[in-house]
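Here is a friendly tour of a protein model. Take a moment to look it over, and then follow the notes below topic by topic.

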Amino acid sequence: MCIATAISLLMILICAMATYGAYKQHAAWIIPFFCYQIFDFALNTLVAISVLVYPSTIQDYLRQLPTNFPYKEEIMSVNPTCLVVIILLFISIILAFKGYLISCVWNCYRYINSRNNSDVLVYITTNDTAVLLPPYDDPVNGAAKDPPPPYVSA
């Protein structure tokens, strides 16, 4: 119970750090959450591989469930091959979603990291044209341009 509490508190801390890092735009605060996501993805991938390599363990696991577990008899009556396919499909959907979330966190990290570089375009969303126009003195005081060539009719 103490270990579960410690892990839960650590997860809350890591999530809070990621939220704070995204809010204050400190990329280093996002790294622990990203590492946790990679670790979790790797563990779920190992679960999928173990289901694929040892499909008989699913039936053993179902036998160990308590007798009052809902739908236990219905699940045990399903063909073992079909059950493995269903479980692998379910794990694949979960892995795809976790991969998407990993890419979201990675894109957030990259955005915050490159925010100080000139690679990121900054769009002006206000209608304040005074910000967009150059100062009046620059064009007036600039070097005089040569007049255009005279028009010659053909």
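A disulfide is a pair of cysteine sulfur atoms within 2.5 Å. Keep that cut-off in mind, because it decides what becomes of two cysteines here: the sulfur of C104 lies 9.3 Å from the closest cysteine sulfur, the one in C108, which is too far for a bond. The model you are looking at is predicted. It has seven helices and zero strands, and its notes are grouped by topic below.

**Overall layout**

- Walking along the sequence, you meet the pattern α-α-α-α-α-α-α.
- The protein has 154 residues, and 17% of them count as buried.

**Cysteines**

- How many disulfides does a search of the whole structure find? The search finds zero.
- Seen from the other side, the cysteine sulfur closest to that of C108 is in C104, and the 9.3 Å between them is too far for a bond.
- C104 is partly exposed, and its relative accessible area is 33%.
- C108 is also partly exposed, with a value of 27% for its relative accessible area.

**Salt bridges**

- Side chains of opposite charge can pair when their charged atoms come close.
- The structure holds two such salt bridges.
- One of them joins the side chains of K98 and D40, with 2.2 Å from N to O.
- What does this pair tie together? K98 belongs to helix α5 (residues 80–114) and D40 to helix α2 (residues 31–53), so the contact links parts that are 58 residues apart in sequence.
- R63 and D60 form a salt bridge too, and their closest N and O atoms are 2.6 Å apart.
- Both R63 and D60 sit in helix α3 (residues 56–64), where they are three residues apart, or about one turn of the helix.
- Is R63 buried or exposed? R63 is exposed, at 52% relative accessible area, whereas its partner D60 is partly exposed at 37%.

**The largest pocket**

- Rolling a probe the size of a water molecule over the atoms shows where empty space is left.
- The largest pocket has about 190 Å³ of space.
- Its lining is made up of V51, T57, I58, Y61, L62, L65, F69, I75, L83 and I87.
- Which helix gives the largest share of this lining? That helix is α3, with four residues.
- Helices α3 and α5 each supply at least two of the lining residues.
- Sorted by class, the lining has nine nonpolar residues, one polar residue and no charged ones.

**What the UniProt record adds**

- An unreviewed UniProt entry lists residues 1–21 as "signal peptide".
- In the model, that span is 95% helix and 0% strand, and its end C-alpha atoms lie 30 Å apart.
- The unreviewed entry also lists residues 28–54 and 75–97 under "transmembrane region".
- Residues 28–54 are 85% helix and 0% strand in the model, with 40 Å between the end C-alpha atoms.
- Residues 75–97 are 91% helix and 0% strand, and their end C-alpha atoms lie 25 Å apart.

Terms used
Residues are numbered from 1 along each chain as its sequence is written. This is a predicted model: local features need pLDDT of at least 70, side-chain atom pairs count only at pLDDT 80 or more; totals for chains, interfaces and linings use all residues. Side-chain values use heavy atoms; hydrogens and water are left out. A salt bridge is a side-chain nitrogen of Lys or Arg within 4 Å of a carboxyl oxygen of Asp or Glu. Buried means under 20% relative accessible area, exposed over 50%, partly exposed in between (1.4 Å probe, protein chains only). UniProt positions are given in the numbering used here, feature names are shortened, and annotations may be inferred rather than shown by experiment. On a 1 Å grid over the protein atoms alone, a cavity is a set of points where a 1.4 Å probe fits but cannot get out, and a pocket is an open set with protein on both sides within 12 Å along at least five of seven lines; lining residues have an atom within 4 Å of a point. Grid points are joined across faces, edges and corners, and a volume is the space filled by probe spheres set on the points. Ala, Val, Leu, Ile, Met, Phe, Trp, Tyr, Cys and Pro count as nonpolar, Asp, Glu, Lys and Arg as charged, and the others, Gly among them, as polar.
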